[in-house]
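Open the model in your viewer and keep the sequence panel visible. The stops below say what to select next and what is there.

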Amino acid sequence: MNCIVAVYENWGIGCGGTQPLALSADRKFFRAATMGCPVIVGRRTAADFPGGQPLPGRENYLLSRSREAAPGFALCRSPEEAAQRAGEGAFVIGGGSVYCALLPMCDTAYVTKIFAAPSCDTFFPNLDADNAWERAALLQSGEENAVRYEIWLYKRR
């Protein structure tokens with residue numbers, strides 16, 4: 001299974017349920033990488049989608065123990081159920097607790113590193129400090145609105 005995430009310098013990913021700083025290059029990469037693939041998302045991240053609607057062109061699996069079914073989302077009550085139903089080619093797309101629950105089941109991570117430090121209250125595990133992961137390839141780099149970014153492919157060792 002795969003995960004895809006945008007992190008800031010301190011591996012923060014969000015504040016107040018949304019991304020404090022989003023880059024269009026990252027959004028384009030996300031769209032291209034996940035299109036046609038199943039995605040696994042938590043209820044708070046799904047609520048941050050435009051109109052709270054599922055992402056088009058993808059099977060959307062909602063991981064939630066407390067929410068009832070939502071139109072366009074297949075409801076899963078456990079990480080194991082979500083992983084089994086979505087399959088090997090699925091992308092874990094957040095939020096923080098969903099990443100933590102499913103990262104042990106992932107062997108590939110696409111990480112956009114945004115060189116900025118906005119205030120965050122949600123964090124992704126620092127893969128650079130985790131011996132189980134290695135940077136396999138720099139996929140893209142650039143600058144947008146005076147903010148540098150790099151998109152890295154990580155592989156589980």
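**Stop 1: a pair within one helix**

Select R85 and E81: they are four residues apart in helix α3 (residues 79–86), so about one helical turn separates them. Helices here are DSSP runs of H or I with at least four residues, strands are runs of E with at least two, and both are numbered from the N terminus. R85 forms a salt bridge with E81, and the closest N and O atoms are 3.2 Å apart. The term salt bridge requires a side-chain nitrogen of Lys or Arg within 4 Å of a carboxyl oxygen of Asp or Glu. R85 is partly exposed, with a relative accessible area of 38%, and E81 is partly exposed too, at 26%. Buried means under 20% relative accessible area, exposed means over 50%, and partly exposed lies in between (1.4 Å probe, protein chains only).

Before moving on, note how the values were obtained. This is a predicted model, in which local features need pLDDT of at least 70 and side-chain atom pairs count only at pLDDT 80 or more, while totals for chains, interfaces and linings use all residues. Residues are numbered from 1 along each chain as its sequence is written, and side-chain values use heavy atoms, with hydrogens and water left out.

**Stop 2: a salt-bridge network**

How many salt bridges does a search of the whole structure find? The search finds four. Select K113 and D128, whose side chains meet in a salt bridge at 2.5 Å, N to O. This pair links distant parts of the chain, with K113 in strand β7 and D128 in the loop between β8 (122–123) and β9 (133–144), 15 residues apart. K113 counts as buried at 10% relative accessibility, whereas D128 counts as partly exposed at 39%.

Add R135 to the selection. D128 forms a salt bridge with R135, where the closest N and O atoms are 3.2 Å apart. Salt bridges that share partners thus join K113, D128 and R135 into one network. R135 counts as partly exposed, at 43% relative accessibility.

**Stop 3: charges over rings**

Keep R135 and select W152: R135 lies over the face of W152, at 4.6 Å from the ring centre. A charge sits over a ring if NZ of Lys or CZ of Arg is within 6 Å of the ring centre and within 35 degrees of the ring normal. Next select R148 and F115, where the charged end of R148 sits over the ring of F115, 4.2 Å from its centre.

**Stop 4: strand β1 and its neighbours**

Select strand β1 (residues 2–7). Is β1 mostly covered or mostly open? Strand β1 is mostly covered, with six of its six residues buried. On one side the buried residues are N2, I4 and A6, and on the other they are C3, V5 and V7.

Now show the paired strands; two strands pair if DSSP finds at least two bridges between them. β1 and β6 run parallel and are joined by two bridges, and the bridge partner of C3 in β6 is V92. β1 also pairs with β7 in the parallel sense, over six bridges. There, V7 stands opposite K113, the residue that forms a salt bridge with D128.

**Stop 5: aromatic pairs**

A pair of aromatic rings is described by the distance of the centres and the angle of the planes. The structure holds six aromatic pairs. Rings of Phe, Tyr and Trp (its six-membered ring) pair if their centres lie within 6.5 Å; planes under 30 degrees apart count as stacked, over 60 as edge-to-face and the rest as tilted.

Select F29 and Y110, a tilted pair with 6.0 Å centre to centre and 50 degrees between the planes. F29 lies in helix α1 (residues 24–34) and Y110 in strand β7 (residues 108–114), so the pair ties together parts that are 81 residues apart in sequence. F29 counts as buried, at 17% relative accessibility.

Keep Y110 and add F91: F91 and Y110 form a tilted pair, 5.8 Å centre to centre with 35 degrees between the planes. F91 is in strand β6 (residues 91–92) and Y110 in strand β7, 19 residues apart. F91 counts as buried, at 4% relative accessibility.

Then select W11, Y99, F124 and Y154, which form one aromatic cluster.

**Stop 6: T34**

Finish in helix α1, where T34 lies. T34 is buried, with a relative accessible area of 0%. Which residues does T34 touch, not counting those up to four places away in sequence? They are I4, V39, R58 and F91, where contact means heavy atoms within 4.5 Å.
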